[in-house]
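User: Please take a close look at one part of this model, the aromatic ring pairs and the residues around them, and set that part in the context of the whole chain.

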Amino acid sequence: MELTASLKALFIETAQTLKGSARRRFLAGTVKELGRGGQRRAERELGWNRQTIRKALRELDTGLTCLDAVALRGRKRAEEHLPTLLDDIKALVDSQSQTDPQFRTNRLYTRLTAAEVRRQLIAQQGYTDAELPTERTIATKLNALGYYPTKVAKTHPQKRSPKPTLSSTK
């Protein structure tokens, strides 16, 4: 089978629009139509991954679909390891928080830093240093809960400055 520029563009565009097993099914069908040496040719001319093509051909031959389960990969969130962590953080930080003094946002500002929240969780809530996430993770959790660690300042009225007039002297 001769691969013209328009056919290559069509194959590449179609493969990019499909996802998961549908994409692999398309790759396998295309490679089978290319005939002998189709895997290498598809890799070279179309830029497709040979491992993906092999997986697709196995799926096509056996009739079984491989589940990618991308969402199941990686590390679990801290809340899954410590189910009461967010409630404990809220309990600590709520008493030390205030809303925006000028009421421009719905943010809650707190005097506690993530490092201090971590220390208080160890001291007051009974967590161990090894089981708690890092300060950076606690800072992320604080932001997700709507708390913004910053110095809490009272609002001060603006000073009135006299407006210069035409008759005023310099």
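Analyst: What follows begins with the chain as a whole, moves to the aromatic rings and their surroundings, and ends with the largest pocket.

This is a predicted model, in which local features need pLDDT of at least 70 and side-chain atom pairs count only at pLDDT 80 or more, while totals for chains, interfaces and linings use all residues. Residues are numbered from 1 along each chain as its sequence is written, and side-chain values use heavy atoms, with hydrogens and water left out.

The protein chain contains 8 helices and 3 strands, where helices (H or I, at least four residues) and strands (E, at least two) are DSSP runs numbered from the N terminus. Along the sequence these elements follow the pattern α-α-α-α-α-α-β-β-α-α-β. Of the 170 residues in the protein chain, 26% are buried, a term that stands for under 20% relative accessible area, with exposed meaning over 50% and partly exposed the range in between (1.4 Å probe, protein chains only). The accessible surface of the protein chain is about 12,700 Å², and 51% of this area belongs to carbon and sulfur atoms; such areas come from the Shrake-Rupley method with a 1.4 Å probe, and for residues only the protein chains shown count as cover. Where contacts (heavy atoms within 4.5 Å) join residues at least 6 apart in sequence, 57% of them are between residues at least 24 apart.

Turning to the rings, the structure holds 2 aromatic pairs. Rings of Phe, Tyr and Trp (its six-membered ring) pair if their centres lie within 6.5 Å, and planes under 30 degrees apart count as stacked, over 60 as edge-to-face and the rest as tilted. Phe26 and Trp48 form an edge-to-face pair, with 6.1 Å from centre to centre and 65° between the planes. This pair links distant parts of the chain, since Phe26 belongs to helix 2 (residues 20-34) and Trp48 to the loop between helix 3 and helix 4 (50-62), 22 residues apart. Ring pairs also bring Phe11 into a cluster with Phe26 and Trp48. Trp48 itself has a relative accessible area of 5% and is therefore buried.

Helix 3 also holds Glu43, which, leaving aside neighbours within four places in sequence, is in contact with Trp48 and Arg50. Glu43 counts as partly exposed because its relative accessible area is 36%, and its C-alpha atom is separated by 8.7 Å from that of Ile53, 10 residues apart along the chain. Gly38, in helix 3 (residues 38-46), has 3% relative accessibility and so counts as buried; the C-alpha atoms of Gly38 and Ile53, 15 residues apart along the chain, are separated by 9.7 Å.

Helix 2 includes Arg24, a residue that is buried because its relative accessible area is 5%. Leaving aside neighbours within four places in sequence, the contacts of Arg24 include Thr52, Lys55, Ala56 and Glu59, as well as Thr65, Cys66 and Asp68.

Finally, the largest pocket is lined by 13 residues, with Arg75, Ala78, His81, Pro133 and Thr137 nearest its centre. Helix 5 (78-81) and helix 8 (135-144) are the elements that give two or more residues to this lining. A pocket here is an open set of points on a 1 Å grid over the protein atoms alone, where a 1.4 Å probe fits, with protein on both sides within 12 Å along at least five of seven lines, and lining residues have an atom within 4 Å of a point.
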